[in-house]
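User: I am new to this structure. Please take one helix, look at it closely, and then show me what surrounds it.

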Amino acid sequence: MIWLENILVIAGISLDMLASMEVQGAMLQKIQKKKLFMVTTFVVLLQCIFFYGGCLCGYGLERFFGIENPHRAGYFLSVLIFLFLGVRLMIKGIRRDFVDECRREITVKQYVKIIAVSSVYTIFAGLACKLIGSNLWFMLIMIIIFSFFAVFCGIYVGYNFGFEAKNKIYLIGAVILFIAGVDILVRYVLLA
C-alpha cells in the first residue's frame, strides 16, 4: 500500500476524534494547558496501543488461518473495514445528536472514556493495515501526528467556535475512508 493510502486511513479515523474533541472543547469554561497536554499525550498513546492491537489481531489471523497470500485476502477485507468505518462516520455525520451545551470542566478520565470508544475503531484500522502490509512504524508515526493534531485542534476549535462543524467533520472523515477503500479495491483487487 502506498503512503497516500496510509495517510488517508489515518486522517479518516482521526477526524472522528477531532469532531469528538470539538464538542468537548465547546463545553470547557477554560482551557487548562497542562490538562490538555496530559489528555493529548494519553490519547496519542491510546491510539498507538489500539492500532498496534489491531495489527496483532491481523498477525494472529494470518498465522491462525495459514493464508498463503495474506495480502490478497487482506485487501478485500480491508476494503470492507474501511467502508464500514466510513458508513459509521457518515451515520454520525447525518444524525443530529442533542448536546446539552453548558460550560464545565472535564476530567482526564472523561476525555479518556470518549476517546476509548473511538479508539475501538482504530483496532479495525490496525487490523486492515496489517492485512494489506502497511509499514507499522510509518503508521504509528502518522497516528502520533494526526492524533495530536485532532485532540489539540478539536479542543481549541470547539472552545473558540463551538461544535457546529462536527457533522461536517464526520462526513469528511467518511468520504476520506470511502476514497481509501475504493482506491484499494480498484488498485489491488479489481486490477490485480
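**A close look at helix α1**

Analyst: Start with S20, which lies in helix α1. The model is a predicted one. S20 has a relative accessibility of 9%. Buried means under 20%, so S20 counts as buried. What does S20 touch, leaving aside its neighbours within four places in sequence? It is in contact with I114, S118 and Y170.

Now take α1 as a whole. The helix runs over residues 3–27. It has 25 residues, and at 1.5 Å a residue these should span 36 Å. Its end C-alpha atoms are 36 Å apart, so the expected span and the model agree. How many of its residues are buried? The number is 22 of the 25, so α1 is largely enclosed by the rest of the structure.

Next come the helices that pack on α1. One of them is α6, covering 166–190. The axes of α1 and α6 are 8 Å apart, and the packing angle is about 165°. The cut-off for roughly antiparallel is over 145 degrees. The two helices are therefore roughly antiparallel to each other. As for handedness, α1 passes α6 in a left-handed crossing.

Another is α5, covering 136–161. Here the axes come within 7 Å of each other and cross at roughly 25°. That makes α1 roughly parallel to α5. The handedness of this crossing is right-handed.

Go back to Y170, one of the contacts of S20. Y170 is found in helix α6. Is Y170 buried or exposed? At 7% relative accessibility, it counts as buried. Setting aside residues up to four places away in sequence, Y170 touches D16, A19 and S20. It also touches L89, K92 and G93. Of these, D16, A19 and S20 fall within the 3–27 stretch of α1, while L89, K92 and G93 fall within the 70–94 stretch of α3. L28 is another matter. The C-alpha atoms of Y170 and L28 are separated by 21 Å, and the two residues are 142 places apart along the chain.

Two other residues of α6 give a contrast. K168 is found in this helix. Its relative accessibility is 58%, so it counts as exposed. In sequence, K168 and I94 are 74 residues apart. In space, their C-alpha atoms are 8.7 Å apart. V186 lies in α6 too. With a relative accessible area of 35%, V186 is partly exposed. V186 and V79 are 107 residues apart along the chain, yet their C-alpha atoms are separated by 9.9 Å.

What holds the buried parts in one picture? Look at the largest nonpolar core, which has 47 residues. Which of its residues touch the most other members? They are I10, F51, F82, L85, V151 and I184. At least two core residues come from each of α1, α2, α3, α4, α5 and α6. Take L85 from that group. Not counting residues up to four places away in sequence, L85 touches I13, Y121, F124, A125 and L177.

F51 and V151 lead to another helix pair, α2 and α5. These two pack at an angle of about 145°, with their axes 9 Å apart. On the α2 side, the contact is made by K33, L36, V39, T40, V43, V44, Q47, C48, F51, Y52 and C55. On the α5 side, it is made by L136, M139, L140, I143, I144, S147, F148, V151, F152, I155 and Y156. The crossing of α2 past α5 is right-handed.

One stop remains, in α4, where L127 has its place. At 13% relative accessibility, L127 counts as buried. Which residues does L127 touch, not counting those up to four places away in sequence? They are G54, C55, C57, G58, L61 and I81. C55 also takes part in the contact between α2 and α5. By contrast, I145 is 18 residues from L127 along the chain, and their C-alpha atoms are separated by 20 Å.

To return to the start: S20 is buried, and α1, its helix, is largely enclosed because 22 of its 25 residues are buried. Against α1, helix α6 is roughly antiparallel and helix α5 roughly parallel.

Technical notes. Residues numbered from 1 in each chain as written. Predicted model: local features only at pLDDT ≥ 70, side-chain atom pairs only at ≥ 80, totals over all residues. Heavy atoms only, no water. Core = buried A, V, L, I, M, F, W, Y, C linked by side-chain atoms within 4.5 Å. Buried < 20%, exposed > 50% of the residue type's maximum accessible area, 1.4 Å probe, protein only. Helix = DSSP H or I, 4+ residues; strand = E, 2+ residues; numbered from the N terminus. Contact = heavy atoms within 4.5 Å. Expected span 1.5 Å × (residues − 1). Axes fitted to C-alpha atoms, helices over the stretch in contact; angles between N-to-C directions. Parallel < 35°, antiparallel > 145°, perpendicular 65-115°, else oblique. Left-handed = near helix turned anticlockwise from the far one by under 90°.
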